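Reader: Before I rely on the labels attached to a structure, I would like to see how each of them is justified. Could you take me through them with the definitions at hand?

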Amino acid sequence: MAYPEQIYINGIVLTFDQEGTTAEAIAVRGERIAAVGSTAELLELAGPETAVIDLQGKTVLPGFYEAHGHFPLSGILEVQSAALWSPPRGTITSIAGLLAALKEKAAAIPAGGWVTGFGYDPSKLAEKRHPSRYELDQAFPEHPVWLSHNSAHMGVANSRALAIAGITQDSPAPAIGVIQRDPDGEPTGLIQENGALIEAYIPPLSAEQHAEGIRLANAEYLSQGITTAIIAVGIDPEPLVAARSRGLLELRLINIPLFHPEQAPLKDAYDYGSVKSQGAKLFQDGSIQGYTGWLTNPYHTPFSEDDPLYRGFPMLEREELAEAVLAAHSAGRQVVIHANGDAAIDDVLYAIGEAQRQLPRPDARHRIEHAQSVREDQLDRIKELGITPSFFNDHVYYFGDNHRDIYLGEDRARRISPLRSAVDRGIRFSLHNDTPITPPSPLHLVSVAVNRLTSSGRELGPEYRITPYQALRAVTIDAAWQAFEEQDKGSIEPGKLADLVVLADNPLTADPLELHKIPVLRTIIGGRQVYVQAESAIASQQ
């Protein structure tokens, strides 16, 4: 008889199995769960070498699943760029403060070297605008500079950066995105939805810097109980595989590559075990807080006084999107489409509907990413087509006040990420942080879903709240199901991977306003402890 290597006893085990079972103990053999039950039952399975871990009443859940993010970008940015976040995440409240943070980061960068920053929000600066290329020129006369907006959908370059990229008054409009220009046609430095025009010229990090960024991001995610993360725009897997071989990466990762119709089907498919590719990513709009989300009705506060009817813009014409979706759908891919604005969501529903009409494919689990301003009629169509949304519901907390007051107005803002409407229709969905746009914290997502509070403490659409159990499903079993991984992950059941998180309190009974403060005590991947909070006092014994 093969004995379990570990048995966790005397806990509150929230299994998230089909019946919503609560247990006391878990036995682990190898990378997988061997048994779930009472402490007395599972202790009978112990062998002479079995480690028995007394949870002392702590709560165990399936490891959290980050359904949409950009690992390891949070760590890469820590290595490479100045942090330009405004409250509630940071301290930058003016362009002067932004420039000061950049200068601190640039102090060790020689003349001619790139200065980069990430996370600025013009709506939270005293000046209520983007910095200009000329302000960046004055502060950094000897450096090319590129600043990324907090949505990552746009940024500002100084004159040196524009010159390196060959962007001038005579440059044609790009096929995707917008080069903003002044009345004389001169680029202002602001580039929307095509930062690659500049970023392609920024020298890559060294292999060691890249590895350090992966290490930092891995540690951050594990400290929040995340055991699997989806990289929502696929990246080169080689540095990830190399980092894993060096012990710098324990997190399980799924890369979703950008879809290029000219590529042969599945050309970019790979599976290295804990790093694999899956699906096909497309974009149909940008960011509402960046004024590039594609809306049916105009923005509440116009982007420009010259165009009060401005609604943002689509990435592709509707028929172009439909052609791309059909190509990915026909290749057997799960289509994953970024759509924040309701006009963009209309385009996505049309495209997926056409693909399914021409080539019916049951249980395709095609996804809409963010789905921020989805309407009730669109949710009906989502249910009909079997689409599964991944909601970026952290918008309620981090951007909700500005959505209400600036971008969408009261009526549209109150129903961003309408989780209750999705639950009422029986639509399965996930929640995500879109890290680095917001910090990786599944428990914060749960708190926002349950409380619907903005960073100012105001309620935003309380009628769209869901229960803690429903929210926790969206970062465990429903997120795993959405990625076709429900057979291995997302619940605590015999045969599944022993990917677990130990919490200091039970989120089903804790004060709802304190959910995001519950400490993560341990994170376990494949039966191996990969994070232990220094102060946790869980006893192990043979």
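Author: What follows sets several labels against their definitions, one after another. The model is a predicted one, in which local features need pLDDT of at least 70 and side-chain atom pairs count only at pLDDT 80 or more, while totals for chains, interfaces and linings use all residues. Residues are numbered from 1 along each chain as its sequence is written, and side-chain values use heavy atoms, with hydrogens and water left out.

Reader: Why is the pair of Tyr-291 and Phe-303 called tilted?

Author: Rings of Phe, Tyr and Trp (its six-membered ring) pair if their centres lie within 6.5 Å, and planes under 30 degrees apart count as stacked, over 60 as edge-to-face and the rest as tilted. The structure holds 12 aromatic pairs. In one of them, the centres of Tyr-291 and Phe-303 are 5.1 Å apart and the planes stand at 45°, so the pair is tilted. Both residues lie in the loop between strand E18 (280-283) and H9, so the pair ties together parts that are 12 residues apart in sequence; helices (H or I, at least four residues) and strands (E, at least two) are DSSP runs, numbered from the N terminus.

Reader: How do you know whether Tyr-291 is buried or exposed?

Author: Buried means under 20% relative accessible area, exposed over 50%, and partly exposed in between (1.4 Å probe, protein chains only). Tyr-291 has a relative accessible area of 12%, and therefore counts as buried, whereas Phe-303, with 30%, is partly exposed.

Reader: What makes the pair of Phe-391 and Phe-429 edge-to-face?

Author: The planes of Phe-391 and Phe-429 stand at 75° to each other, with 5.4 Å from centre to centre, and this angle earns the label edge-to-face. Phe-391 lies in strand E21 (residues 388-391) and Phe-429 in the loop between helix H15 (419-424) and strand E22 (430-431), so the pair ties together parts that are 38 residues apart in sequence. Phe-391 is buried, its relative accessible area being 0%, and Phe-429 is buried at 4%.

Reader: Which residues do ring pairs link into a cluster?

Author: The cluster consists of Tyr-291, Tyr-299, Phe-303, Tyr-310 and Tyr-407, linked by ring pairs.

Reader: Why is Pro-360 called exposed?

Author: The relative accessible area of Pro-360 is 60%, so the label exposed applies. Pro-360 is placed in the loop between helix H10 (342-358) and strand E20 (367-370).

Reader: What makes the phi of Ala-152 worth mentioning?

Author: Most residues other than glycine have a negative phi, and most peptide bonds are trans. Ala-152 is not a glycine, yet has a positive phi of about 65°; this residue is found in the loop between strand E11 (145-149) and strand E12 (154-157), and at 45% relative accessibility Ala-152 counts as partly exposed. Phe-484 likewise has a positive phi, near 60°, and is placed in the loop between helix H18 (477-482) and strand E23 (500-503), where Phe-484 counts as partly exposed at 36% relative accessibility.

Reader: Which omega goes with the peptide bond from Phe-71 to Pro-72?

Author: Omega is near 0° for the peptide bond from Phe-71 to Pro-72, and the bond is cis; Pro-72 lies in the loop between strand E8 (64-69) and helix H2 (73-80). The peptide bond from Thr-435 to Pro-436 is also cis, with omega near 20°, and Pro-436 lies in the loop between E22 and helix H16 (442-451).
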